[in-house]
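Biologist: Hey, got a minute to walk me through this one? Pull it up and let's chat.

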Amino acid sequence: MRSGRAVVVLLVLVALLGGTSTAMAQPPSPAPPPNPSDGELQRSRDAVSQQAVAVGRLTTQLADLDSRAEELNMQLAGRREIANRALVDMQNAQDAAVAATRKAEAARVETNAASAAIDAAHRQFDDFIAVQYQQALGDGPLGLLNAATSPDDLLDRAQLTNVIAQQQKQALDGLERARVDKANADSRARAAQEEARARADQAQRAKTAADDAMAQAESAAQAQAAQLAAVQAQRAGVQNQLDAAQAADAGLRGQRARFQEWQREQQAAEAARERAEQQAAASRVASAAGSPRAAAGSSSVQRVIDRAMSQLGVQYAWGGGTGSGPSLGIRDGGVADEFGDYRKIGFDCSGLMIYAFAGAGISLPHYSGYQYTSGQQVPVAQRRPGDMLFYSDGGTIVHVTLYIGNGQMIEAPYSGSHVRVTAVRTNGLMPYATRML
């Protein structure tokens with residue numbers, strides 16, 4: 001019984017030291033160093049028996065704290081992604097308001113031109129009337145007819161009278177057309193002005209929404225930062241207790257040293273594999289740079305995956321990422337600023353998708369919620385490489401990743417992290433994937 005409890009203690013320590021695992025597909029790892037024999041464990045039993053229960057409890061607590069820290073970081077990244085949506089909406093509304101204002105200005109120019117035409121028509125008609133009334137009766141139309149000296153002269157004078165009447169009618173018609181044109185121009189100007197006011201109101205509402213979203217993101221960032229600080233402080237305290245328990249037994253310290261050496265070798269091998277994956281993908285991206293982009297098909301899917309994989313290890317930067325590559329992040333007033341995202345060149349989750357799909361000639365908005373509706377939605381169980389997977393928080397989409405096959409995805413997860421390959425998570429996973437190719 002005493003030997004069995006010692007085995008439990010050693011297994012707990014091995015679990016702690018092996019707590020960091022890779023999500024990338026790998027060949028089976030070499031076996032860890034062998035556990036001490038029952039005799040060896042019995043000889044160290046006196047030194048560790050009092051610590052066995054504490055080691056198990058602290059190891060479980062460390063695992064819970066690590067999981068909570070990951071969850072907090074993902075929630076914070078989701079808040080900033082919601083703010084991205086508000087910024088996109090605000091920019092669209094502001095652009096529409098500017099266009100409507102220009103339309104109203106053009107309508108005012110048209111109204112002014114119509115007013116000038118009315119003034120000109122008035123002057124022409126007034127001049128015609130003045131000339132007619134300034135003439136003596138004998139010089140006017142009736143005078144022309146009365147002064148006829150022969151039937152032929154009378155006919156000529158009648159034709160002249162018709163010309164004068166036609167000129168009068170043309171002057172009146174021109175005045176009426178000018179009035180109609182001005183009325184139409186006034187109507188268009190009013191409509192354009194009303195549209196401009198509506199668009200301006202819409203832009204203001206969008207700005208208010210963006211400001212509110214940013215304020216919420218900043219508030220959430222501050223709250224999450226406080227929680228993370230508490231978690232890290234608690235974790236440090238727990239680690240110190242665990243270290244003290246481990247240091248009590250020289251045999252376990254030796255076992256730990258051997259295990260850590262094995263773990264470093266595994267991490268180095270994984271880092272080498274990741275570099276090889278990144279370099280191979282970058283090489284394929286460079287080779288495909290001069291070739292035409294296919295609209296669909298396996299080659300386009302591979303191009304998208306390669307572009308994403310070529311960015312493995314690039315740092316996270318909230319607001320970063322364009323079709324050309326990583327870009328400077330933006331401020332959020334919280335954890336992203338503490339990590340200096342606004343000074344970093346990198347990607348956030350939706351920015352990484354923008355860069356990846358630009359390789360296939362596909363333009364995406366910089367917000368995961370809009371990316372979710374950008375293509376064909378398929379049940380997540382039917383996902384295939386090149387599909388985007390989405391995660392929600394309370395029904396709102398807050399994160400996007402790229403599925404690359406074999407139960408794995410590539411993502412830019414949260415501030416302080418980097419572009420990585422990891423196993424597909426099921427917590428918060430939306431029921432549909434989005435297929436662009």
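Biologist: Which residues of H10 are buried?
Modeller: Those are Cys349, Ser350, Gly351, Leu352, Met353, Ile354, Tyr355, Ala356, Phe357 and Ala358. Buried means under 20% relative accessible area, exposed is over 50%, and partly exposed lies in between, using a 1.4 Å probe and protein chains only. H10 covers residues 349-358, and 10 of its 10 residues are buried, hence "mostly covered". Helices (H or I, at least four residues) and strands (E, at least two) are DSSP runs, numbered from the N terminus.

Biologist: Is this a predicted model or what, and how's the numbering done?
Modeller: It's a predicted model, where local features need pLDDT of at least 70, side-chain atom pairs count only at pLDDT 80 or more, and totals for chains, interfaces and linings use all residues. Residues are numbered from 1 along each chain as its sequence is written, and side-chain values use heavy atoms, with hydrogens and water left out.

Biologist: Cool. At what angle do H8 and H10 cross?
Modeller: Roughly 135°, and the axes of H8 (residues 298-309) and H10 come within 7 Å. Axes are lines fitted to C-alpha atoms, for helices over the stretch in contact, and angles run from 0 to 180 degrees between N-to-C directions. That makes H8 oblique to H10; under 35 degrees is roughly parallel, over 145 roughly antiparallel, 65 to 115 roughly perpendicular, and the rest oblique.

Biologist: And which residues make the contact?
Modeller: From H8 you've got Val304, Arg307 and Ala308, and from H10 there are Leu352, Tyr355, Ala356, Phe357 and Ala358. Contact means heavy atoms within 4.5 Å.

Biologist: Switching to strands: how many bridges join E4 to E5?
Modeller: Six, and the two run antiparallel, with E4 at residues 388-393 and E5 at residues 396-405. Two strands pair if DSSP finds at least two bridges between them. For instance, Phe390 has Val400 in E5 as its bridge partner. E4 and E5 form a hairpin with two residues between them, and Gly394 in the turn has a positive phi of about 65°.

Biologist: What about Asn406, where does that sit?
Modeller: Asn406 is in the loop between E5 and E6 (408-411). Its phi is near 60°, a positive value in a residue other than glycine. Most residues other than glycine have a negative phi.

Biologist: Buried or exposed, that Asn406?
Modeller: Asn406 counts as exposed because its relative accessibility is 71%.

Biologist: Last one: how many helices and strands does the protein chain have?
Modeller: There are 11 helices and eight strands. Of the chain's 437 residues, 41% count as buried.
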